[in-house]
Amino acid sequence: MSCFRRSMGVAVVVAALSVVVAGFAAPARAADPAAGKRVFQQQCAICHSDKPGVNKIGPSLFGVVGRHTGSEPGYDYSVANKNANLTWTPEVLDKYIAHPQKVVPGTKMPYGGLANATKRANLIAFLATLK
Ligand code: HEC
């Protein structure tokens, strides 16, 4: 009986701990634009500016969320990107950043893709602040 009581006690402690862990994990799942800015600097800034009207190897990403593909003035797009006929919603951006060639076949963006979904979500939250 005392053995039963001890194991019940352990079960209660384990249950309580998992509630605490879940409580800590939940806020970490919300996208974090400050972390996304670091991803941008590491993965995108070599080719893209976050300033309006500044085109580098790639077009400026200022205002990219909600923009139509291939519409940044003064940037020489590939035919594939120019004619992709997509709107850069967060959902489309998420797929594109994961696999650029799948979303815009023939893109000249020389970037293999970012597999980490949390980093993509943070990056897109940062891109959404560029307006
Ligand atoms: C090595 C250079 C390079 C890197 C790194 C790079 N890009 Fe690009 N990106 C390009 C080029 C070049 C294009 C133009 C593609 C075309 O015209 O086919 C482009 C196009 C784009 C477009 C389409 C814009 C439009 O106006 O239609 C988006 C969105 C984009 N990149 C996002 C990103 C993001 C986000 C990252 C970082 C995860 C990134 N890129 C990393 C070079 C790069």
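**Figure 1. The protein chain of this predicted model holds 6 helices and 0 strands.** Read along the sequence, the elements of the protein chain follow the pattern α-α-α-α-α-α, and the coordinates shown here come from a predicted model. The protein chain has 131 residues, of which 32% count as buried. The helices named in the later views include α2, which spans residues 33-43, and α6, which spans residues 117-127, as well as α3, covering residues 79-82, and α4, covering residues 90-98.

**Figure 2. The ligand is surrounded by 27 residues of the model.** Cys44, Cys47, His48, Ser78 and Met109 are the closest of these surrounding residues. When the shell around the ligand is divided by residue type, 17 of its residues are nonpolar, 8 are polar and 2 are charged. Helix α4 gives the largest share of this shell, with 3 residues.

**Figure 3. Oxygen atoms of the ligand lie within a few ångströms of Gly70, Ser78 and Asn81.** In the case of Gly70, a backbone N or O atom is 2.9 Å from an oxygen atom of the ligand. For Ser78, by contrast, the atom concerned belongs to the side chain, where a polar atom lies 2.4 Å from an oxygen atom of the ligand; Ser78 is also one of the closest residues of the surroundings shown in the previous view. The side chain of Asn81 likewise contributes an N or O atom, which is 3.0 Å from an oxygen atom of the ligand.

**Figure 4. The space that the ligand takes is the largest pocket.** This pocket has a volume of about 500 Å³. It is lined by 28 residues, and those closest to its centre are His48, Pro59, Leu61, Tyr96 and Met109; of these, His48 and Met109 are also named among the residues closest to the ligand. The lining of the largest pocket divides into 19 nonpolar, 7 polar and 2 charged residues. Helices α2, α4 and α6 each supply at least two residues of the lining, and the largest share, 3 residues, comes from α4.

**Figure 5. Leu93 is a buried residue in helix α4.** Leu93 counts as buried because its relative accessibility is 5%, which is under the cut-off of 20%. Along the sequence, Leu93 and Ala121 are 28 residues apart, while in space the distance between their C-alpha atoms is 9.6 Å. Ala121 falls within the residue range of α6, 117-127.

**Figure 6. Asp50 lies in the loop between α2 and α3 and pairs with the side chain of Lys51.** Asp50 has a relative accessibility of 17% and therefore counts as buried, given that the term applies to values under 20%. The side chain of Asp50 makes a polar contact with the side chain of Lys51, at a distance of 2.9 Å.

**Figure 7. Trp88 is placed in the loop between α3 and α4.** With a relative accessible area of 6%, Trp88 is buried. This view also takes in His68, which is 20 residues away from Trp88 along the chain, and whose C-alpha atom is separated from that of Trp88 by 6.1 Å.

Conventions. Residues are numbered from 1 along each chain as its sequence is written. This is a predicted model: local features need pLDDT of at least 70, side-chain atom pairs count only at pLDDT 80 or more; totals for chains, interfaces and linings use all residues. Side-chain values use heavy atoms; hydrogens and water are left out. A residue is near a molecule or strand if one of its heavy atoms lies within 4 Å of it. A polar contact is a pair of N or O atoms within 3.5 Å; within protein, one must be able to donate a hydrogen and the other to accept it, and residues adjacent in sequence count only if both atoms are side-chain atoms. On a 1 Å grid over the protein atoms alone, a cavity is a set of points where a 1.4 Å probe fits but cannot get out, and a pocket is an open set with protein on both sides within 12 Å along at least five of seven lines; lining residues have an atom within 4 Å of a point. A molecule sits in a cavity or pocket if more than half of its atoms lie within 2 Å of its grid points. Helices (H or I, at least four residues) and strands (E, at least two) are DSSP runs, numbered from the N terminus. Ala, Val, Leu, Ile, Met, Phe, Trp, Tyr, Cys and Pro count as nonpolar, Asp, Glu, Lys and Arg as charged, and the others, Gly among them, as polar. Grid points are joined across faces, edges and corners, and a volume is the space filled by probe spheres set on the points. Buried means under 20% relative accessible area, exposed over 50%, partly exposed in between (1.4 Å probe, protein chains only).
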